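Colleague: Please show me the model, and then let us go through its aromatic side chains together.

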Amino acid sequence: MSHKAHDISLEHLLITGVTGYIGFKTLIFALERAYRVRAVVRSERDINDLKHKSTRIARSLDQEQLQFVVIPNFLESDAIFKVLEGITVIIHLASPLAIETDDYDVGIVKPAISMVTTVLEAANRVTSIRRVILTSSCVTLIPFEWNINPDSQRLYTVDDVNNSVTGPFSTAMEAYWASKALARVATKAFVNHARPKYDFINLLPSVVIGPDDRLDADPTAKAESLLQGTRAAVLAPALTASLNSSFPYVGTPVHVADVARAHIDAADAGLVPGNSEYILSSDTPNGVVWNRNVQDCCRKFFPEEVIKKRLPLEGSLTAIKWRLSARQTEETFGWQFTGFEETVRQLISQYLHLEERSLKQY
């Protein structure tokens, strides 16, 4: 399919969530593609932090390709509206995290919906905006109960939606799943009701892994800095049982760079049609077995480190089989997702590099 040339010089992107793992990578991609970017952060400290983490960011600021705007409270009335002048595309990555709270509805569910609807409503008041790109999640395809009784033969597509969203929720994770589904439903409801002049794209990543670019330029970063959340659980089979997750993971990885790239590609209306949704996941439709595949990667790419026990292969991560279809995404975007093996090779390579750097400092 041929598509008309996309004139980047006419575009001005607003990106939220740029201090985060995916958002940072997305910002770098946008700058490398020569987009003008207005990036939303919560504090002045975030700006200094980002400048130190990337020479590209520092240079783009000096050249006025990039500007930062500080919004301490995203949900404050008109806070986002005030920074949208001249923006053509919003890439909205910021979202509340799954944290333990006394009231899941107030602490997790409502903020997730408000984070999306606030942006959609503000964008509808700005004539220059033609597209809003939202980071949703593959967890919006299935109810949380699916984890207990997985339907591992069925192939899930973007047409699926989790309807089990009413609660009451027994854990933060369950509330988080529901919040993502409700935010996705709210997006479609808003578009159908308000009929905005812009279109929307919902991107649905699976388990996002891969190296963390924020750590490369940070001299204080240690191997432990990489072992956070999902990355720690995924690296457990390569390292130690102390990193083991308390719950099984679905075996559907996606490289963080592919997720970032998809967000920036989606700004091109000639390439990616509007009012559409895309699953972001590699190794589909059969997924991966974390335990076996992570350890196989170690033996294949880092045999010496395995022998020397720098990669002791003592942890584990149980996989639930989840069949996702990313065919439509690859056909539309015109590239294939990075395979799991290469993603893990890069992740372990960064871990070993950070570990070596820490040892040299002592």
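Modeller: At 0% relative accessibility, Trp290 counts as buried, because buried means under 20% relative accessible area (exposed is over 50%, partly exposed in between; 1.4 Å probe, protein chains only). This is a predicted model, in which local features need pLDDT of at least 70 and side-chain atom pairs count only at pLDDT 80 or more, while totals for chains, interfaces and linings use all residues. Residues are numbered from 1 along each chain as its sequence is written, and side-chain values use heavy atoms, leaving out hydrogens and water.

Colleague: Is Phe340 buried or exposed, and what is its relative accessible area?

Modeller: The same cut-off of under 20% applies to Phe340. Phe340 falls below that limit and is therefore buried, with a relative accessible area of 4%.

Colleague: Why is the pair of Trp335 and Phe337 edge-to-face?

Modeller: Rings of Phe, Tyr and Trp (its six-membered ring) pair if their centres lie within 6.5 Å, and planes under 30 degrees apart count as stacked, over 60 as edge-to-face and the rest as tilted. Both Trp335 and Phe337 are buried. Their ring centres are 5.4 Å apart and their planes stand at 70°, so the pair is edge-to-face.

Colleague: Which residues do ring pairs link into a cluster?

Modeller: By the ring-pair rule, the count comes to 10 aromatic pairs. Ring pairs join one cluster made up of Phe247, Tyr249, Trp290 and Phe340.

Colleague: Which residue lies over the face of Phe81?

Modeller: A charge sits over a ring if NZ of Lys or CZ of Arg is within 6 Å of the ring centre and within 35 degrees of the ring normal. Over the face of Phe81, at 3.7 Å from the ring centre, lies Arg125.
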